[in-house]
Amino acid sequence: MVLGELVEALLDLEMLIAAFGGGAFGAALGALPAFIFTGFMVIAGEASWLVSSDAVAIRNNVAFGPPFSPAISFAGGAAATAYAARRGYIDTAFDYHEAKNIAYALGTKPDVLAVGGAFGVLGYVLQVTSGTLGLPWDPIAMGVVLSALFHRLILGYSIIGKVRGTGYFDMTPFEREETRTITDGGEAEAGAETEPEAAAAAQSSRLAVEPWLPHQYEWDHVAMIGLAGGLLGGYTALVTESPFLAFGISAASLVFLNCGVEKIPVTHHITLPSSTAALAVVASGDAVLAGTSNEVALIVAAVFGIVCALFGEAFQRVFYAHGDTHWDPPAAAIVFGTILVAVAYFLGIFPTTVWVPTP
């Protein structure tokens, strides 16, 4: 039965065509602007749900459907950015590899939009597969994570990149502002002297290690924003009964980051798992944490916020900081956080997973 439903969903021509459009549009806007629209659409959907108890049309079909599902539009935009950088179409003053420049709108170049559309279709397939099979994680976030892996493999980028410093977690080369020089013959070592001929052929330089957020990578800072975001995510969920509204607010707040406002924190990977955990523990049922008070729920939300924030930072230090393309730390953290919700349910700690799929 489940396999038949999956095959039917994967062969849904209407959705496949729409997913191509969503991925192409995400490329045209740029991955980050497309995700910001996801946030606005979630807010609109949850507002309609609070008024009419029906958020399906906006939230499920638009915000999390082909137009703006992050697995489709954001992931398609990220893949198109990686492709455009590979082809030399992007030439800005970006400090990192241009393939990470997800705030950059790619415009209307046909081959770039085609790549975005193709990865939009891939994102739809990944999202539908996880959701239909009831795999115990956020299917959209997992789609974003796997799509980034595929775009690195398909477009010829290293999966992790060359690790500089003392290891994966070492961000001190960034703090020392060490750079590597990009030449026609490849990259020179960070801090190394280049021959005059190589220097003359230099095309650009980039930082030796590139933390995902220069203002949000120190462990204590990350933990603190995790605490704050977890508490606010949990509270928003408790007073609205929506596990998604705080996520929408967090995503929409990135409009300021996209516009260049310094030090805007990224929190959607904190607020979504925290909101979900808070609603899980106040639900009734036969579990260790069932029907708890709002105060306990807020503590649980804070713990989830801190854990997911720290996991996202750990992920970026391995898969983002040394690589060439955008591999989204928040999506990985949401996958991890929702797996924790599912595990707590299977162990009898939480009475429900709220919205997280289960087999």
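This passage walks through the helices, nonpolar cores and aromatic contacts of a predicted model.

Helix H2 is a handy place to start. It covers residues 13-29, and its end C-alpha atoms sit 24 Å apart; that agrees with the 24 Å its 17 residues should span at 1.5 Å a residue. At the start of the helix, Asp12 gets involved through its side chain, with an oxygen coming within 3.2 Å of the backbone nitrogen of Glu14. Just past the other end, Gly30 has a positive phi of about 105°. The buried positions in H2 include Ala19, Gly22, Gly23 and Ala24, and Gly26, Ala27 and Ala28 are buried there too.

Ala27 deserves a closer look. This H2 residue has a relative accessible area of 0%, so it counts as buried, given that the cut-off is under 20%. Setting aside neighbours within four places in sequence, Ala27 is in contact with Gly76, Gly77 and Ala80, with Ala105, Leu106 and Gly107, and with Val112, Leu113 and Gly116. Of these partners, Ala105 is 78 residues away from Ala27 in sequence, yet the two C-alpha atoms are 7.0 Å apart in space.

Leu106 turns up again around Thr81, a residue of helix H5. Thr81 has a relative accessible area of 0% and is therefore buried. Not counting residues up to four places away in sequence, Thr81 touches Ile90, Glu98, Ala99, Asn101 and Leu106. Asn101 itself belongs to the loop between H5 and helix H6 (110-133). Although it is a loop residue, Asn101 counts as buried because its relative accessibility is 8%. Its contacts, again leaving out neighbours within four places, are Thr81, Ile90, Thr92 and Phe94.

Helix H6 comes after that loop. It runs for 24 residues and reaches 35 Å from first C-alpha to last, close to the 34 Å expected at 1.5 Å a residue. As with H2, a glycine with positive phi follows: here it is Gly134, with phi near 65°, whereas after H2 it is Gly30.

Turning to the nonpolar interior, the largest core has 40 residues, and Phe64 and Phe247 have the most contacts inside it. Five helices each supply at least two residues of this core: H3 (31-52), H5 (70-86), H7 (139-154), H11 (245-258) and H14 (329-346). H7 gives the most, with six residues. Phe247 also gives a feel for how chain segments come together, since it is in contact with Phe35, Val42, Phe64, His268, Thr271, Leu272 and Ile334, leaving aside its neighbours within four places in sequence. A second core, separate from this one, has 18 residues, with Ala28, Ala82, Ala84 and Tyr157 among them.

Aromatic rings make up another part of the picture. Phe64 and Phe247 belong to one aromatic cluster, along with Phe35, Phe74, Phe244 and Trp355. In total, the count comes to 18 aromatic pairs. One of these is the tilted pair of Phe304 and Phe350, at 6.0 Å centre to centre with 35° between the planes. That pair ties together distant parts of the chain: Phe304 is in helix H13 (residues 294-319), Phe350 is in the segment after H14, and 46 residues separate them. Both Phe304 and Phe350 are buried.

Phe315 and Phe319 make another tilted pair, with 4.7 Å between ring centres and 35° between planes. The two are four residues apart in H13, which means that about one helical turn separates them. Their exposure is another matter: Phe315 counts as buried because its relative accessibility is 10%, while Phe319, with a relative accessible area of 24%, is partly exposed.

Finally, two lysines lie over tyrosine rings. Lys100 sits over the face of Tyr320, at 4.1 Å from the ring centre. Lys109 likewise lies over the face of Tyr89, in this case at 4.7 Å from the ring centre.

Conventions: Residues are numbered from 1 along each chain as its sequence is written. This is a predicted model: local features need pLDDT of at least 70, side-chain atom pairs count only at pLDDT 80 or more; totals for chains, interfaces and linings use all residues. Side-chain values use heavy atoms; hydrogens and water are left out. The expected span of a helix is 1.5 Å times one less than its number of residues. Buried means under 20% relative accessible area, exposed over 50%, partly exposed in between (1.4 Å probe, protein chains only). A polar contact is a pair of N or O atoms within 3.5 Å; within protein, one must be able to donate a hydrogen and the other to accept it, and residues adjacent in sequence count only if both atoms are side-chain atoms. A nonpolar core is a set of buried Ala, Val, Leu, Ile, Met, Phe, Trp, Tyr and Cys residues joined through side-chain atoms within 4.5 Å. Contact means heavy atoms within 4.5 Å. Rings of Phe, Tyr and Trp (its six-membered ring) pair if their centres lie within 6.5 Å; planes under 30 degrees apart count as stacked, over 60 as edge-to-face and the rest as tilted. A charge sits over a ring if NZ of Lys or CZ of Arg is within 6 Å of the ring centre and within 35 degrees of the ring normal.
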